[in-house]
Each structure stands twice: as C-alpha cells, then as structure tokens.
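Reader: Pick one strand, please, and take me through its surroundings slowly. After that, add whatever else helps me get my bearings.

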Amino acid sequence: MRKRRILAIVAAALLALTSARASEALTVAAKGAVLIDGESGRILFAQNADEMLPEASCTKIMTALVALENSALSEDVTAGKNAYGVEGTSLYLSEGETLRMEQMLYGLMLRSGNDAAVAIAEHVAGSVEDFAAMMNRKAEELNADAHFVNPHGLDAEGHRASALGLARIMRAAMQNADFRTITGTQRKVIPWVGNEYSRVLENKNRLLSDYEGATGGKTGFTSKAGRCLVFSAERDGLELIGVVLNCYTWFDTATVLLDYGFEHFRMERALSSGEVAGQASVLNGDANQVDAVAAENLAAAVEIGSRPEVEIKIEDLEAPVKKGQVIGRARLICNGQEVDACDLIAAREVPLWSFRAAMRCVLRSWSLPFA
C-alpha cells in the first residue's frame, strides 16, 4: 500500500513537471499572449501577458459588456454628430439614424463599426468620456489591467490593455447570454435606414467557421496595435479563452494556443452551485446542524491525467445562522496547486433555540397522527 502511494506521488510530480515543461516550451509570435480557463479564470499559458499594449478594436468587448449591463436590447439608439463619419471601420450611420441597441451591438461586434461604438457610448453615458469612465470602473471590478480612453479602440494616448486583462474582460462578457449570442454569430442582417438595401454583417472572426468549437471573440487592428485577436472555443465542457496582441499570424497562433489547451487540459467539476458539500454543527439553534452548500461552481481546467482533490473546511456555528451566511470554504487542488475555490454558505436559516419554538415543534409533532 505504501509502495503504491509513493508511486502515485512520483507519477503526479512527473505529470506536473511534464505540463510545466510543455508550457515553457511553447512560444508564440505575439508581443503579448495568454490562454485561460473560461470557468475559473485559471491561467494555462502566458507570454508577456501583463504588459499594457494597444488592443485596437478588441476594446469593443468591454464596450458591448458595459452597454449590455446598462441598457436594454430594445432601446432606440440614435447616431449623433460625433458618431457620424468616425474614421476606420464603419456601419456608415447617418446623423440622426436610429437603430435598436441590439442592432448597434451586432454592428459593433461583427462589422466592428467605430460609429456604432460612439453612438452606443453616447446613448448609455451621454458622452464618450463618461462612457470610458464606466469602462475603466468595470475593468477595475474585474481585476483586469486595462485603461480605456474611447469605446472603439482607435489609437489614443493611454488607451492600453494587457493580454490577461482582455482575457478577464472576455471571460466576464461570455457569462452574459446576449453577448455570447452576438459574438458567436457569423452573419447578421440589420436595417439600413434610407437605403434600399439592408446592412449585411459578416463576422471578421474566421475561427467561428474554421475552428471546431469556436464560440466567439473579436479582431482588432491599427498601425500601433498591429493585429490583435481575442478568441474562445469549447469542447467537452472545457471553454478556453485566449488573447494575442501585436501578432501577425493571429488566427494561426490562436489555433496553436487552443490546440495546446485542449490537448493538455480537461474540465474538472467538483461542486455545482447549490450542491451540498457537508454539514456544519450548530449550537443553541432549533436544529443542531445545517447544510453547507457551494455558493458557486467549484470547477477548473486541470492537467489531463492528474487527480485533483477537494479540500473542504466548515466552521462550527452558534445560532442564529442566516441563510446564505458564509460558513466554510472549498478548494480544488491539482498537483499541489489551488486551481479554484468557492465559499460554502448556509442552505437555510437556523434561529436561536427558544422554549416557545420547541413547544410549537412538539405540538406540531403530536398533532400529525390526528390530522
């Protein structure tokens, strides 16, 4: 038994070393690059992932996220004089033209319309400057290294993001069902007011058609930023999110990173949100224990062949206990490293014990046979 345990420890150590070497051996032709697990945010590959760099139209992921969180898809958005004629890629909005927010967002994400970005920003915040402030507050909330000056990503002093920061923004955006639908759409037709033809929007992210399991992303290019790409794909329950900045071989490099992720990692789902992880003892309550349930999913990408472990710590409690009160912590450990963690919360309220409550309970139990 002892011999088998030693062999298992050695095998796990060799696996961890092999995975680390595989990651170290992989380099890509990008100024900044990262690959993360979309479920937990675990970093699976990083190359200069923290350097703040121009990100061009990858900015529009944050623009869409802030718009979705602060407006309804059905709202009418009117292009003002500041939106009309913005340089770069465009929907060719006329001044005064009105589209629904949903249509503007498709124009933003598929066509990469800079005019749509300005129209959205002014509708949501009143001005580009105030909208950029909203974007920066959201980046801070997501712990994403990014600083936005505008909603479209055209070169501007101080407009920067790290590859890891963009990956975290994309991860948050993909948790929004409307964003996921929009970014995963390959072709969309929207109105062209005052024109006999409709606008036919083709998604510039060719991974959607060329890579199995691709779920979304955003392209970007300016002279300073070079070619930039945020991308995502899902297979067998594992969704990967990647970013390459200033990368001439953007789609080929994205394919290399995704292939690396799917070849070396799998999804481990240890607990689902609301699942019972154990019980906490309760003193002086009308019950002597309460279920401890996961506040969110405990799940992460782990190395293929590894044997993850779940570490659960639950507090001893004293009544009263509130429903939803944090009463413990669960950690997912892989090769000695924490890859995800979640709070454990009380599944129900446990009031302080009282004689009156105890008598009510006794009377209810007595009355049941006669009901």
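Author: Let's start with a bit of vocabulary: two strands count as paired if DSSP finds at least two bridges between them. The strands themselves (E, at least two residues), like the helices (H or I, at least four), are DSSP runs numbered from the N terminus. Keep in mind that this is a predicted model, where local features need pLDDT of at least 70 and side-chain atom pairs count only at pLDDT 80 or more, while totals for chains, interfaces and linings use all residues. Residues are numbered from 1 along each chain as its sequence is written, and side-chain values use heavy atoms, with hydrogens and water left out.

My pick is S11, residues 238-245. Eight of its eight residues are buried, so S11 is largely enclosed by the rest of the structure. Buried here means under 20% relative accessible area, exposed means over 50%, and partly exposed is in between, using a 1.4 Å probe and protein chains only. Both faces of S11 are covered: one has Leu-238, Leu-240, Gly-242 and Val-244, and the other has Glu-239, Ile-241, Val-243 and Leu-245.

Now for the partners. S10 (residues 226-235) runs antiparallel to S11, with seven bridges joining them, and Ser-232 sits opposite Ile-241. These two strands make a hairpin with two residues in between, and Asp-236 in the turn has a positive phi of about 50°. S1 (residues 32-37) pairs with S11 too, again antiparallel, over six bridges; there Ala-33 faces Val-244.

For the wider setting, the protein chain has ten helices and 19 strands, and 49% of its 371 residues are buried. Taking contact to mean heavy atoms within 4.5 Å, 63% of the contacts with a separation of 6 or more are between residues 24 or more positions apart.

A helix gets the enclosed treatment as well: nine of the eleven residues of H3 (residues 101-111) are buried, so H3 is largely enclosed by the rest of the structure. Among those buried are Met-101, Tyr-106 and Leu-110. Ser-112 follows H3 and has a positive phi, near 65°.

Back to strands for a moment. Thr-222 is in S9 (residues 214-222) and is buried, with a relative accessible area of 8%. Setting aside neighbours within four places in sequence, Thr-222 contacts Ala-56, Gly-153 and Asp-155. With Asp-155 there's a side-chain to side-chain polar contact of 2.7 Å. Such a contact is a pair of N or O atoms within 3.5 Å; within protein, one must be able to donate a hydrogen and the other to accept it, and residues adjacent in sequence count only if both atoms are side-chain atoms.

Asn-284 makes a nice counterpoint. It sits in the loop between S13 (276-283) and S14 (289-294), and is partly exposed, with a relative accessible area of 47%. Leaving out residues up to four places away in sequence, Asn-284 touches Glu-318, Ala-319, Pro-351, Leu-352 and Trp-353. The side chains of Asn-284 and Glu-318 share a polar contact of 3.2 Å. And the C-alpha atoms of Asn-284 and Val-350 are 9.4 Å apart, although 66 residues separate them along the chain.
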